[in-house]
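Colleague: Before I use this entry, I should like each descriptive term set against its definition. May we begin with the structure itself?

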Amino acid sequence: MADRYEAARLDALHRLNLLDTSPSEAFDRITRLASQIFGLPVAAVSLTDHDRQWFKSRVGVEHQSIPRDKAPCAAVAESSAPLVVPDLLSDSHYATSILAGQGVRFYAGAPLTTRDGFGLGALCVLGPEPRSATDAEMASLNDLAQMVMTQIELTHAMGRIDPLSGLPNRTQFLEDLEDLARDTPGTRRLAVLVDLARADQLDNGARALGSAYIDTLVQEGARVLRAKLGPKRTAYHVALTKFVFLAPRNVDDIEYRAPLESLLRRLSKGPDTKFGLNGMIGVAPFIVGESAPNDVLRLAYSASLDACNHEPAISFYSSAEDTAHRRRFTLLEDFGVALEAPAQLRLVYQPRIDLASRRCLGAEALLRWDHPTLGEVSPAEFIPIVEQTSLARPTTAKVLDAGLAQLAAWLGSGIAIRLSINVSAANLDEADFAQRLQLYLLKHQVPPETFEIELTESAVMENKARSLAQLAAIEAAGIAIAIDDFGTGHSSLAYLQQLPAKVVKIDQSFVRRLTEGERERTLVRSMISLSHDLGYRVVAEGVETAEAADVLFDTGCDEAQGYFFARPMEVGEFERWYARQDAARAAA
């Protein structure tokens with residue numbers, strides 16, 4: 001029990017980050033007052049570390065610390081009770097102490113105790129002659145000790161210390177980097193960012209054990225970091241479960257991986273063995289004074305995100321990965337503007353061809369983005385980003401409105417086709433999505449049978465129950481449903497049987513390998529046969545050669561789209577292409 005208390009007491013002391021800090025007039029003023037009240041030449045604010053008494057403030061003392069062994073202030077810290085020793089030489093325990101050896105005879109100390117009951121040390125007065133202490137003197141000494149604790153708490157709470165972990169916070173880290181830039185400019189250092197757990201693990205732990213689970217996780221992580229770094233180095237608490245510290249000077253990147261792996265293993269144990277954690281560590285090399293403090297922190301955080309893809313989860317900063325991430329963020333930020341800028345976003349249309357008659361039965365509407373500075377941005381780059389944000393709904397709304405308006409115009413001019421529009425998993429989470437589809441059909445006076453939505457297997461699988469309910473409502477409205485990128489998702493055959501879809505579109509990754517060998521053909525043939533058995537019409541994507549088109553027809557595929565037939569086209573170009581196809585059929 002005593003060992004456990006001592007460990008907790010030391011942890012409380014170290015969390016305050018007072019040890020080995022500069023003198024402070026706020027503390028010195030109290031120490032001088034204690035000396036004057038007792039009329040003694042020596043007074044100190046003494047903090048009891050594991051092997052020393054360190055003086056935050058001192059009067060009449062040249063040295064800044066003494067050994068803890070047989071120091072009266074240690075007894076005050078351990079008991080959290082006042083102590084008076086009238087004559088150290090007459091006391092069997094203290095007669096051989098270092099203080100007695102230095103000529104100290106009288107000692108009086110009042111405890112410095114935290115709100116949690118941990119003794120940090122003492123406000124003490126010492127004299128060269130034996131004497132006693134009056135009740136009034138000890139009452140004053142206790143009052144002054146309370147003033148010291150108030151000052152400690154104020155120092156701790158001045159926006160630089162995180163109250164949960166007890167570690168310096170993000171603001172302090174940035175200021176310390178600025179100080180480092182003045183003291184040691186041009187040196188190469190490593191900033192190490194530690195994230196204790198993935199977001200889903202935090203959610204699961206908090207859901208099962210309550211929010212106190214995260215508090216315990218953070219406090220345990222802080223204790224581990226303090227123990228690993230030692231008293232000479234500082235860890236900073238910069239976000240909920242994220243900490244950062246600087247590696248020792250002149251450390252080799254490769255050699256430093258071993259201690260980081262050891263730290264990661266220790267942190268991954270977590271405060272509760274029922275929940276294994278997957279922590280991550282990101283390391284950012286930087287030149288002191290050349291990189292802005294905020295940039296150092298951002299680069300370390302970027303590296304920690306990349307660590308998710310490594311084993312163990314430790315990653316050194318990659319400029320290529322960071323550039324890619326910043327581009328994604330820029331695209332996401334700019335896409336919100338593009339939604340309000342008619343000139344940036346437009347739809348192009350790629351025909352879908354009936355393989356038996358080679359007649360155009362429909363078209364897929366595809367979104368294109370002409371960025372004002374980056375030029376054409378591939379939908380393969382921006383669509384996955386947008387789908388993960390709140391922009392998914394207005395994006396689909398814009399595409400539906402524009403696409404159905406164009407379909408209405410084509411139907412009115414005699415271009416009798418079905419239009420397909422892609423929707424995302426986020427759309428299926430909208431309670432009113434099926435109703436909104438019907439409203440768009442009514443707005444543009446488009447028959448439901450001329451309209452089809454496409455969604456991937458993965459989108460359907462994100463929330464099976466809700467997806468099935470939405471798709472059932474969409475089907476009831478007479479709108480056809482197509483499963484896009486078939487073969488690349490994670491759905492089971494049993495689940496596919498429940499989908500009210502009419503069409504499956506075999507992903508182009510299978511189609512493009514179709515002519516490579518018999519195994520590839522057998523795979524596609526099996527997918528087509530399975531789809532037909534389940535009642536689907538089959539469309540092959542990515543058909544680029546006549547040979548592939550012929551093989552697909554021979555294997556029973558119903559429709560196809562791809563560059564062999566036509567690339568995605570602007571409205572006018574699609575209309576001219578369709579007219580030529582129509583004229584060719586009429587001539588034949």
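Colleague: Which residue in E13 stands opposite Tyr349?

Modeller: Tyr349 stands opposite Ala365 in E13. The model is predicted, so local features need pLDDT of at least 70 and side-chain atom pairs count only at pLDDT 80 or more, whereas totals for chains, interfaces and linings use all residues. Residues are numbered from 1 along each chain as its sequence is written, and side-chain values use heavy atoms, with hydrogens and water left out.

Colleague: How do you know that E12 is joined to strand E13 (residues 359-371)?

Modeller: Helices (H or I, at least four residues) and strands (E, at least two) are DSSP runs numbered from the N terminus, and two strands pair if DSSP finds at least two bridges between them. E12 and E13 are joined by 10 bridges and run antiparallel, so the criterion of at least two is met. The two strands form a hairpin with four residues between them, and Arg358 in the turn has a positive phi of about 60°. Strand E20 (residues 559-560) is also antiparallel to E12, with two bridges; there Ile353 stands opposite Ala560.

Colleague: Why is strand E12 (residues 345-354) described as largely enclosed?

Modeller: Buried means under 20% relative accessible area, with exposed over 50% and partly exposed in between (1.4 Å probe, protein chains only). Nine of the 10 residues of E12 are buried, and the strand is therefore largely enclosed by the rest of the structure.

Colleague: What makes Val148 buried?

Modeller: Its relative accessible area is 0%, which falls under the 20% limit. Val148 lies in helix H5 (residues 135-156). Leaving aside neighbours within four places in sequence, Val148 is in contact (heavy atoms within 4.5 Å) with Phe27, Ile30, Val45, Leu112 and Leu123.

Colleague: What makes Ser424 count as buried?

Modeller: Ser424 has 5% relative accessibility and is counted as buried. The residue lies in the loop between strand E15 (418-422) and helix H14 (425-428). Residues up to four places away in sequence not counted, Ser424 touches Glu387, Ala392 and Ala459.

Colleague: What makes strands E3 (65-67) and E4 (83-85) the edges of their sheet?

Modeller: The open sheet has six strands in the order E3-E2-E1-E6-E5-E4, with antiparallel pairing. E3 and E4 each have a single partner strand, so one side of each is left without a neighbour in the sheet. Neighbouring strands are turned by 25° against each other on average, direction ignored. Within this sheet, strand E1 (residues 42-48) and strand E2 (residues 52-59) pair over six bridges in the antiparallel sense, and Val59 in E2 is the bridge partner of Ala43. Helix H2 (residues 25-38) packs on the sheet, touching E1, E2, strand E5 (106-113) and strand E6 (119-127), with its direction at about 80° to that of E2. Helix H3 (residues 72-79) lies across E1, E2, E4, E5 and E6 and runs at about 145° to E6.

Colleague: How do you know which strands are at the edges of the sheet E8-E9-E7-E10-E11?

Modeller: That open sheet of five strands has mixed pairing, and its edge strands, E8 (235-239) and E11 (314-316), each pair on one side only. Strand E7 (residues 188-195) is antiparallel to strand E9 (residues 242-246), with five bridges; Ala191 stands opposite Leu246 there. Helix H10 (residues 293-306) lies across E7, E8, E9, E10 and E11, at about 145° to strand E10 (280-287).

Colleague: Why is H8 called roughly antiparallel to H9?

Modeller: Axes are lines fitted to C-alpha atoms, for helices over the stretch in contact, and angles run from 0 to 180 degrees between N-to-C directions. Helix H8 (residues 212-229) and helix H9 (residues 257-268) pack at about 150°, with axes 10 Å apart. H8 is therefore roughly antiparallel to H9, as angles over 145 degrees are so classed (under 35 is roughly parallel, 65 to 115 roughly perpendicular, the rest oblique). Among the contact residues are Val224 and Leu225 of H8 and Leu263 and Leu267 of H9.

Colleague: What is the corresponding term for H11 and H12?

Modeller: The axes of helix H11 (residues 319-338) and helix H12 (residues 379-387) come within 10 Å and cross at roughly 75°. The two helices are therefore roughly perpendicular to each other. Their contact is made by Arg327, Arg328, Leu331, Leu332 and Phe335 of H11 and Glu381, Phe382, Ile385 and Val386 of H12.
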